[in-house]
Amino acid sequence: MDVSGHSRNARRPRARTRTGILLSAATALAAAAIPVSAPHPTATAAPAPDPVVVDCSSKPHIRPEEYLLACGDGNNRLVDLRWTTWGPHTATATGTDMVNDCRPYCAAGRFRPYPVTVTLSHPQPWPDHPGTQRFSTIRLLYTHTAPSPVPKDVTYKLVYEPPPTPTPTP
């Protein structure tokens, strides 16, 4: 007992009661401050899918292991592609550019390997494929030598728009 004649333990229930009341009041005030009709987080649209690279047969690919550059004769093919990035704006890989030397002529030529870094870029909408983008350029950076007469750093257009259909003249 203390000097007032009250037990020290007698004060603790009052302190606990006061603390409980204060916590309850704070919780009630916080709950009252949030409007019942608080807006729910709006659902965001799903991000657009990453662009594709379109092959010679007009088929879309993501991270292809091979890619034919010379659609007409097959004398230039990227192989063993290892993609380090594939995103909404660019895609980058390392691999080998297999190029036919066409000596003495292409049917008798040998395919020669050229280590290369490949970068796809400039995505554009793919006509007749809603919501799909396709890469429109490819950059080849030869890490050693380039096939003659190709420069060591070259960029090609991948998207070829068909010429307009001629209209008959009366």
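The following exercises, with worked solutions, concern a predicted model of one protein chain.

**Exercise 1.** Determine how many helices and strands the chain contains and in which order the elements run.

*Solution.* Begin with the count: the chain holds one helix and eight strands. Next, follow the elements from the N terminus, which gives the order α-β-β-β-β-β-β-β-β.

**Exercise 2.** Describe burial, contacts and surface for the chain as a whole.

*Solution.* First, of the 170 residues in the chain, 24% are buried. Second, consider contacts with a separation of 6 or more: 35% of these join residues 24 or more positions apart. Third, the accessible surface of the chain is about 12500 Å², and carbon and sulfur atoms contribute 60% of this area.

**Exercise 3.** Classify the aromatic pair of Trp83 and Trp86, and state whether these residues are buried or exposed.

*Solution.* The chain has three aromatic pairs in total. In one of them, Trp83 and Trp86 have ring centres 4.9 Å apart and planes at 80 degrees. Centres within 6.5 Å qualify as a pair, and an angle over 60 degrees counts as edge-to-face, so this pair is edge-to-face. Both Trp83 and Trp86 are buried.

**Exercise 4.** Establish which parts of the chain the pair of Trp86 and Phe135 links.

*Solution.* Start with the geometry: Trp86 and Phe135 are edge-to-face, at 5.5 Å centre to centre and 80 degrees between the planes. Then locate the residues: Trp86 belongs to strand β4 (residues 76–86) and Phe135 to strand β7 (residues 133–142). The two residues are 49 residues apart, and their pair links distant parts of the chain. Trp86 and Phe135 are both buried. Finally, Trp83, Trp86 and Phe135 together make up one aromatic cluster.

Definitions and conventions. Residues numbered from 1 in each chain as written. Predicted model: local features only at pLDDT ≥ 70, side-chain atom pairs only at ≥ 80, totals over all residues. Heavy atoms only, no water. Helix = DSSP H or I, 4+ residues; strand = E, 2+ residues; numbered from the N terminus. Buried < 20%, exposed > 50% of the residue type's maximum accessible area, 1.4 Å probe, protein only. Contact = heavy atoms within 4.5 Å. Areas by Shrake-Rupley, 256 points an atom, 1.4 Å probe, with all protein chains shown as cover. Phe/Tyr/Trp six-rings, centres within 6.5 Å; stacked < 30°, edge-to-face > 60°.
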